[in-house]
Amino acid sequence: MTQSPRDLVLVLGDQLDADSAVFDDFDPARDAVWMAEVAHEATQVWSTKPRIATFLAAMRQFRDALRARGLTVHYRALDEHTHPDLESALAADLAALKPAKLLAVRPGEWRLAQSLPKVCEAAGVRWIERPDRHFYCDDDDFADWAGKRKEYRLEFFYRWLRKREGVLMQDGEPVGGQWNFDHDNRGRFDKRGPGRLPAPRAFAPDETTRGVLALVNERFAAHPGRLDDFDWPLTAAQAREALDDFIAHRLPLFGRYQDAMWEGEPWLYHSRLSAALNLKLLAPRAVVAAAEQAYREGHAPIEAVEGFIRQVIGWREFVRGVYWQRMPGFLDENALDADAPLPDFYWTADTDMACLRDALRQTLDLGYAHHIQRLMVTGLFALLLGVRPRAVHEWYLAVYVDAVEWVELPNVLGMSQYADNGRMTSKPYAASGAYIQKMSNHCAGCRFKPGEATGAKACPFTTLYWDFLARHEAKFARHPRTALQWKNLARKPAAELAAIRTQADALRRALVPDSRSKHGVDG
């Protein structure tokens, strides 16, 4: 590394965007790209093998694509250096390369957004931050929308952004005559199940990816997960193929069954696009345009298309705006004073609860679970149990292939765990085992009964649900959106409620006795 570039372009593992603003005036004769793999990104939380492999393999594919275009890429491969973190690796190469300035878009993690400019400052290199064109909404846009609001609500943001961008709009009104079709998107499978499902497009690992899989299996052997069936899209071309496959084969029924679960069926009608989007291999505008075109051409119904687009143009943009508005304090919010450690079975899937076992197995093996499994199974149980929110956040960041902090943290702390005291969602997503029974077939094969809150067959979700209501009665009993739940609690005879709370206490003692310091997660 002796030739000094005019500009050094920083590309992080979740910034694999060939159309990024950092490349606008790139001169291959005078400029260079800098990328690095570091162990800290896999071990600051105890990342699963699929998550580690997805980031590393996609980075190497992007490196090779840039080099094929004639760009100089200074690439620090994990097995070729000893720098423990991005900051030290960048500092070493700034000293060696001596660029005039470093160009970057802001990192997707608040910590790196603070630390990396300081590395440049210490090296006497100018940090130049370019706008992030991947998103519809930048910080100023979100701040203008948020104004002086004390609470942020997706529905209002979603309508505002749809109007501004003209998505699913006609003559100033929403297509179909309403803004969302939630009522039509709560379908569940009958006892016959989902039937023969269209398998999502899979991508066999090439030589570069196979090398990463071998490296991860060797260097991170103790980490959870397996790589036998690793088949994620890792390039922009593959991401586009995955999008086209979803639009053609699964979008038409996505809306109806987006909240449904079925034992042993991880994909159902979901898109599998979140990792490609969050790595920036796929642009959200391309995703939205493809879905909208499917509706205009009569290929998919409005309820499916609107439900899918809301996840992209609504929720994804919304949580990013909230993240940058609320950090760094967001990380330590804990409105419900939850302080239990995360149960060990979140790392092993060793539990008798069928719904949790299925969601955790596929999470650990594949690095994937769809949004209802995350919100209403793994997240719900942690909420009811009273797990410290930061420990829940660190687990989610560790296990999913699409986990980047700007999108994962608000989803977990705000939506799933209600740690922000309702700044993002108006009520806690608290439910008993009856919800899981309604939306899945898990309860049919489980030794616990969702209708029972006490006794040997009591569903832990149901026991902990009533205990959660009792513990937080003072906070929510008069809340307009939760009053009915707490009215149902008031109908419980005192003796029955006392028995439920005794069983809940016993559950806690059984589930979280020794989990505080394992797996590198602070519980």
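Here are some short exercises with worked solutions on a predicted model.

**Exercise 1. The five-stranded sheet**

Work out in which order the five strands of the open sheet stand, and which strands are at the edges.

*Solution.* Start with the order: the open sheet runs β3-β2-β1-β4-β5, and its pairing is parallel. Next, look for the edges. β3 and β5 (126–130) each have a single partner strand, so one side of each is left without a neighbour in the sheet. Finally, look at the twist: neighbouring strands of this sheet are turned by 25° against each other on average, direction ignored.

**Exercise 2. Around strand β3**

Find out how strand β3 is joined to β2, and which way the side chains of β3 point.

*Solution.* First take the pairing. Strand β2 (residues 32–36) runs parallel to β3, and four bridges join the two. Now go residue by residue. Opposite Val-73 in β3 you will find Val-33, while His-74 in β3 has Trp-34 opposite. Then turn to what packs on the sheet here: helix α2 (residues 49–68) touches β2 and β3, and the direction of α2 makes about 160° with that of β3. Last, sort the residues of β3 (residues 73–76) by direction. Val-73 and Tyr-75 point one way, His-74 and Arg-76 point the other way, and all are buried.

**Exercise 3. A glycine in a helix**

Locate Gly-321 and decide whether Gly-321 is buried or exposed.

*Solution.* Begin with the helix: Gly-321 sits in α12, which spans residues 302–326. Then check the accessibility. The relative accessible area of Gly-321 is 9%, and the cut-off for buried is under 20%, so Gly-321 counts as buried. To finish, compare positions in sequence and in space: Gly-321 and Val-407 are 86 residues apart along the chain, yet their C-alpha atoms are separated by 9.5 Å.

**Exercise 4. Salt bridges within a helix**

For the pairs Asp-244 with Arg-240 and Glu-292 with Arg-296, establish where each pair lies and how accessible each partner is.

*Solution.* A reminder to begin with: side chains of opposite charge can pair when their charged atoms come close.

- Step one, helix α8 (residues 236–249): Asp-244 and Arg-240 both lie here, four residues apart, about one turn of the helix. Their side chains meet in a salt bridge of 3.1 Å, N to O. Asp-244 is partly exposed at 37% relative accessible area, and Arg-240 is partly exposed at 36%.
- Step two, helix α11 (residues 284–296): because Glu-292 and Arg-296 are four residues apart in α11, about one helical turn separates them. The salt bridge between their side chains is 3.1 Å, N to O. Glu-292 is buried, with a relative accessible area of 14%, whereas Arg-296 is partly exposed at 44%.
- Step three, a network: salt bridges that share partners join Asp-467, Arg-471, Arg-501, Asp-505 and Arg-508 into one network.

**Exercise 5. One more pair, and the total**

Which residue forms a salt bridge with Glu-151, and how many salt bridges does a search of the whole structure find?

*Solution.* The partner of Glu-151 is Arg-153, and their closest N and O atoms are 3.1 Å apart. Next, consider accessibility. Glu-151 counts as partly exposed at 45% relative accessibility, while Arg-153, at 17%, counts as buried. As for the total, searching the whole structure gives 39 salt bridges.

Conventions
Residues numbered from 1 in each chain as written. Predicted model: local features only at pLDDT ≥ 70, side-chain atom pairs only at ≥ 80, totals over all residues. Heavy atoms only, no water. Buried < 20%, exposed > 50% of the residue type's maximum accessible area, 1.4 Å probe, protein only. Pairing = 2+ DSSP bridges. Axes fitted to C-alpha atoms, helices over the stretch in contact; angles between N-to-C directions. Contact = heavy atoms within 4.5 Å. Salt bridge = Lys/Arg side-chain N within 4 Å of Asp/Glu carboxyl O.
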